Amino acid sequence: MKNTKEYLIPFIGLKLGKHHFEYQISNAFFEIFDYIEYQDSNIKVNVVLEKKSTLLELNFKHKGTVNVPCDLTSEDFDLPIKGKMKLVVRFGEEYNNDNEELLILPHGEFEIDIAQYIYEMIVLSVPLRRVHPGIKDGSLKTEALTKLNELTIKEEKVENKEEENIDPRWDKLKQLLTDK
């Protein structure tokens, strides 16, 4: 993993109370994690760090777009995403990040790296199934769709000639069933 120095928050010199941080996320951020799912991304992340005497509370919010291919047509489109996450940072004997909402830092730490949390929050806010909005409203025009429409089989009315050539003996047998 590459350097995430700009996502380090030195909390030791901050006063008690709320502190706001803002990050603009692009594909360069995802390259840090070797994640190449998005053709382009433009996401604004707001982080509010509330410093208390014994712990830190971090509230993350993000909103923006990622350019992804549609699962049905493979057409690229900008998918709007948004989300939020809360993280509580406590201090203990050793580092522990087993719980997704609680981080325990060793006593004596003076900064926190929030890059991993921003990455997870954004990646988990992108839906598994990505469908172009033009498919839902019928406005999407692509070469693949026009070719499929050309190749669709048109329904032909097939007249049932067998009904015209029914043997009259069958009518008598059917009458026996309904006469009961």
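Ile166 sits in the loop between helix H4 (143–151) and helix H5 (168–178). In this predicted model, Ile166 has a relative accessibility of 41%, so it counts as partly exposed. Together with Trp170, Leu173 and Leu176, Ile166 makes a nonpolar surface patch of about 430 Å².

**The largest pocket**

The largest pocket holds about 440 Å³ of space. Its lining has 23 residues, and the closest to the pocket centre are Met85, Glu100, Gln116, Tyr117 and Glu120. Four elements give two or more residues each to this lining: strand E5 (76–92), strand E6 (102–106), strand E7 (111–113) and helix H2 (115–125). Helix H2 gives the most, with six residues. The lining is mixed in class: nine residues are nonpolar, six are polar and eight are charged.

**Salt bridges**

How many salt bridges does a search of the whole structure find? It finds three. The table gives each pair with its N to O distance.

| Pair | Distance (N to O) |
|---|---|
| Lys44 and Glu22 | 3.7 Å |
| Arg130 and Glu37 | 3.7 Å |
| Glu57 and Lys52 | 3.1 Å |

Take the Lys44 and Glu22 salt bridge. The pair links distant parts of the chain, with Lys44 in strand E3 (residues 40–51) and Glu22 in strand E2, 22 residues apart. Lys44 is partly exposed at 37% relative accessibility. Glu22 has a relative accessible area of 53%, so Glu22 is exposed.

Next comes the salt bridge between Arg130 and Glu37. This pair also links distant parts of the chain, at 93 residues apart. Arg130 lies in the loop between H2 and helix H3 (133–137), and Glu37 lies in the loop between helix H1 (27–32) and E3. Is Arg130 buried or exposed? Arg130 counts as buried because its relative accessibility is 13%, and the cut-off for buried is under 20%. Glu37 is partly exposed, at 39%.

In the third pair, Glu57 counts as buried at 16% relative accessibility. Its partner Lys52 is partly exposed at 33%.

**Two exposed residues**

Ile12 lies in the loop between strand E1 (8–10) and strand E2 (17–25). Its relative accessible area is 57%, so Ile12 is exposed. Ile12 and Glu111 are 99 residues apart along the chain, yet their C-alpha atoms are separated by 6.9 Å.

Lys84 is found in strand E5. With a relative accessible area of 68%, Lys84 is exposed. Lys84 and Val47 are 37 residues apart in sequence and 9.7 Å apart in space, C-alpha to C-alpha.

Definitions and conventions: Residues numbered from 1 in each chain as written. Predicted model: local features only at pLDDT ≥ 70, side-chain atom pairs only at ≥ 80, totals over all residues. Heavy atoms only, no water. 1 Å grid on protein atoms, 1.4 Å probe; cavity = no way out; pocket = protein on both sides within 12 Å on 5 of 7 lines; lining within 4 Å. Points joined across faces, edges and corners; volume = space filled by probe spheres on them. Nonpolar A, V, L, I, M, F, W, Y, C, P; charged D, E, K, R; others polar. Patch = residues over 30% accessible without salt bridge, like charges linked within 9 Å, V, L, I, M, F, W, Y side chains within 5 Å. Areas by Shrake-Rupley, 256 points an atom, 1.4 Å probe, with all protein chains shown as cover. Salt bridge = Lys/Arg side-chain N within 4 Å of Asp/Glu carboxyl O. Buried < 20%, exposed > 50% of the residue type's maximum accessible area, 1.4 Å probe, protein only.
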